[in-house]
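Biologist: Could you take a close look at one charged side chain and its salt-bridge partner for me? Once that part is clear, please carry on to the other places in the chain that deserve a careful look.

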Amino acid sequence: MKKISIVLALVFACSWLVAQEKPSYNQSKFKQLYEELPTPNVYRNAAGAPGHEYYQNRADYDMDIRLEDSTQRIYGEETITYYNESPDKLDYLWLQLDQNVREKNSDKYTVETGSMEDMTFENITKALRVFDGGFKIDHVKDASGQDLPYTINRTMMRVDLKEPLKPGKSYKFKVKWWYNINDRDKPQGVSNSGGRSGMEYFSEDDNYIYTIAQFYPRMCAYNEVDGWQNKQFLGRGEFTLTFGDYDVRITVPSDHVLGATGELKNAKEILSSAELSRLEEAKNSDKPVMIVTEDEAIAHESEKATSEKTWKFHADNVRDFGFATSRKYMWDAQGVKFGDRTVLAMSYFPKEANPLWGQYSTAAVAHTLRTYSKFTFDYPYPVAISAHINRIGMEYPMICFNGYRPEADGTYSARTKYGLISVVIHEVGHNYFPMIVNSDERQWTWMDEGLNSFLQYLSESEWEENYPSRRGPAYKITSYMKGDKSGIMPIMTNSESVLQFGNNAYGKPATALNILRETILGREAFDHAFKTYSQRWMFKQPMPADLFRSMEDASGTDLDWFWRGWFFTTDNVDISIDDVKWYQINSMNPEVEKPIAAEQDDKARKYIGNIRNKKAFPERLVDKKPELKDFYNNYDPNKVSTYDKLQYNYLMNQFPEELKELLDTDKNFYEIKFTNVGGLVMPIILEFTYEDGSKEVKRIPAEVWVKNNEEITKIFITDKKVVSMELDPYLETADTDVSNNFWPPKSQPSRYQLFDPQGPGMNPMQLERQIKQLQEEGKIPNGADGEK
């Protein structure tokens, strides 16, 4: 601790202390995003809202689909009515043929790289066996039945028009096609494994579960940003779509239970009276009601009906369509109220998924609708469905396909339980992003996955305390952000170019939004801004700049520094405490200051030579010859003299009252040097622990780094003495190295494990059951110790 001189005391009296920093002209981290973001225009304004001339084209579909269970094929015919709402005339129309990603020569496979070290026996076998995937287009015709010329370019198809489609006009045409359904769970070739859509075969009862999507040629999006969306589908960057109304008739075996996008329009024709009654009951129930029971589903498994039935669905204002069907499915539902509307939350799952799915799936659907609606807008569709399939999670309007199932004995691990709840929340949540807030997934995966993962975390937080969320909290992204920069890409990277997809497109943007909410803006300001963005872009197609600008516009906060650091760079957060100096103001009163100086001298560290000399020379020369002593041998500079008193009284008569009050203060001044090691500017959140045990947190906005992005020195004034300091005490900034966050420096203890005991090979639920059974059989006494 140092006493501040009278000169500094005068400085303090004249102005309150502010941050001190070395001169620096590097302000790039706070530079506005004028060069990175597109110029606002009549289509998208500077506030982040749709402009006064915003437009979007739309497409209505009328489809007849037949699923042939014996050959695992889809046959389809569709009539598309395309509406040109743009100011441009269109000479041709582009459609997406996403199933062509499974063609023999698909770019998805031809662009893959690898070495012989990767070529295991399984991989070689897969590479040599080829699945006959992709759309087989039978014809493309106009409304009168005349053939239309078309050109297939891998996963895209251009339909040439006889005359340009003018602004404000519509065009109707027809497509007929078929394709082989891939078995995603049992790879039979490099182009047949995995995927968002497909089937799973159950050899025990010789049945299939089909979760079907991307099953029809569908219109590409056309807008003022890209014109026609023309990025090929390579399997990762998902979909860029346009809204429309759907009338879809799906023919399947008569013992199948089917769920799909939209409302079932012929329920009275295809459901039994008991099923109709249960469905009606479910609308007013706050817990799931079984529409098709497990016993009924088991009976269907053995029927193997040869007859067929057609399920008819209608959906308004959706961007896509998906369905799930199987004779193995049971079906439950419950109502979720939104004002005077009732939304049906529903699940479809086989007996292999119970008891886990029956307990949690529909409950998670309903929970998601309530929590997401609170932060965005009321869920506008009539149904929300979770359909079971093994090991994936994938979303479509009103329906999603989700994995996770228990062991054969009905037990499951905590990972499986929470994995199911989380995947249902996440995939149902995609109804909001991108099914309604219709971002361009092919270009910007993070705009739906990142925002959805953020809301998923909020929903999980409301499910139960200490929910084991994978993403959202700032500290969960630190291992990724401090990693090798050659393996990290900015969030603002095209979907196909991202290296670490989960961290980049899901985890980091979700974390960024959570930090905005908890630390930068605060919950109230953030929630208002996020809801504003969501409602502005309902049933429209936003771009990244629309999100950035809307959040700033609605919160009243310039966030360009935040977007730049988190979304446009690979910098990480690592702020360090490099130096701390402690000062108190010198009161100028010798009766006060000189005893303090004497005490400090007495406590000062002693030089080793002086310590040893005290014993070596018990009597020095001046002790032997007193005549060598004079005034200074007895002079004590820390003793109050008459002159000291006269000088103090004189000064006190000259000083104004304000300065006298300042000199009497016992406040503490801490000069702290911080370094921005990681490069990503963030607020300084500093917790002081005082000598009386109390704590106080100081929050300094990120703008403290404006004049120097690399290092700053700042003065903190406290009433009490500080014994320790800690940066980011609540783990809210994603600081990647906490070892430099403490003063005095503090080591982080860890436990070293000498050996890893082998586990029992069971999940905890199985293990508990086994132990209980052995105890009942007397093989393990109750409360037995390890030896017994």
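Modeller: Happy to, and please keep in mind that this is a predicted model. Let us begin with Arg699, which has a relative accessibility of 47% and therefore counts as partly exposed, since that value falls between the 20% limit for buried and the 50% limit for exposed. Its partner is Glu732: the two form a salt bridge in which the closest N and O atoms are 3.0 Å apart. The two residues come from distant parts of the chain, with their positions 33 residues apart in the numbering: Arg699 belongs to strand 28 (residues 695-700), while Glu732 sits in the loop between strand 30 (722-727) and strand 31 (742-743). The glutamate end of this pair is buried, because its relative accessibility is 11%, under the 20% limit. So one partner is partly exposed and the other is buried.

That pair is one of 48 salt bridges in the structure. Another joins the side chains of Glu238 and Arg196, with an N to O distance of 2.9 Å. Here too the pair links distant parts of the chain, 42 residues apart: Glu238 is in the loop between strand 13 (227-228) and strand 14, and Arg196 is in the loop between strand 8 (170-180) and strand 9 (198-202). Both Glu238 and Arg196 are buried.

Next, have a look at Glu352 and Lys328, whose side chains meet in a salt bridge at 3.0 Å, N to O. Glu352 lies in the loop between strand 21 (341-349) and helix 7 (356-375), and Lys328 in the loop between strand 19 (323-326) and strand 20 (330-338), so this contact ties together parts that are 24 residues apart in sequence. Lys328 is buried, because its relative accessible area is 0%. Glu352 has a relative accessible area of 23%, so it is partly exposed. These two residues also belong to a wider arrangement: a network of salt bridges links Asp205, Glu301, Lys328, Lys351 and Glu352.

The loop that carries Glu352 has a second feature to inspect. Pro355 is found in that loop between strand 21 and helix 7, and the peptide bond leading to Pro355 from Asn354 is cis, with omega near 5°. A further cis bond runs from Phe433 to Pro434, with omega near 15°. Pro434 lies in the loop between helix 8 (414-429) and helix 9 (446-463). These bonds are worth a second glance because most peptide bonds are trans, just as most residues other than glycine have a negative phi.

On the matter of phi, two residues can be picked out. Asn317 has a positive phi, near 55°, without being a glycine. Asn317 is placed in strand 18 (residues 308-318), and its relative accessibility of 23% means that it counts as partly exposed. Tyr404, likewise not a glycine, has a positive phi of about 80°. You will find Tyr404 in the loop between strand 24 (399-402) and helix 8. Its relative accessible area is 34%, so Tyr404 is partly exposed as well.

Now for an acidic residue in a covered position. Asp255 is in the loop between strand 14 (244-253) and strand 15 (257-260), and it is buried because its relative accessible area is 3%. Leaving aside residues up to four places away in sequence, Asp255 touches His300, Glu303, Lys304, Ala305 and Arg327. One of these neighbours also meets Asp255 through its backbone: the nitrogen of Ala305 lies 2.9 Å from a polar atom of the Asp255 side chain.

Cysteines deserve a short stop too. The count of disulfides is zero. Cys220 is buried, because its relative accessible area is 0%. Cys400 is also buried, because its relative accessibility is 1%.

Finally, let us move to the surface. Tyr607, Ile608 and Ile611 form a nonpolar patch there, and together they have about 320 Å² of accessible area. Ile608 lies in helix 16, which covers residues 608-616. With a relative accessibility of 43%, Ile608 counts as partly exposed, because that value is between the limits of 20% and 50%.

Definitions and conventions
Residues numbered from 1 in each chain as written. Predicted model: local features only at pLDDT ≥ 70, side-chain atom pairs only at ≥ 80, totals over all residues. Heavy atoms only, no water. Helix = DSSP H or I, 4+ residues; strand = E, 2+ residues; numbered from the N terminus. Buried < 20%, exposed > 50% of the residue type's maximum accessible area, 1.4 Å probe, protein only. Polar contact = N/O pair within 3.5 Å; in protein donor to acceptor, adjacent residues only side chain to side chain. Contact = heavy atoms within 4.5 Å. Patch = residues over 30% accessible without salt bridge, like charges linked within 9 Å, V, L, I, M, F, W, Y side chains within 5 Å. Areas by Shrake-Rupley, 256 points an atom, 1.4 Å probe, with all protein chains shown as cover. Salt bridge = Lys/Arg side-chain N within 4 Å of Asp/Glu carboxyl O. Disulfide = S-S within 2.5 Å.
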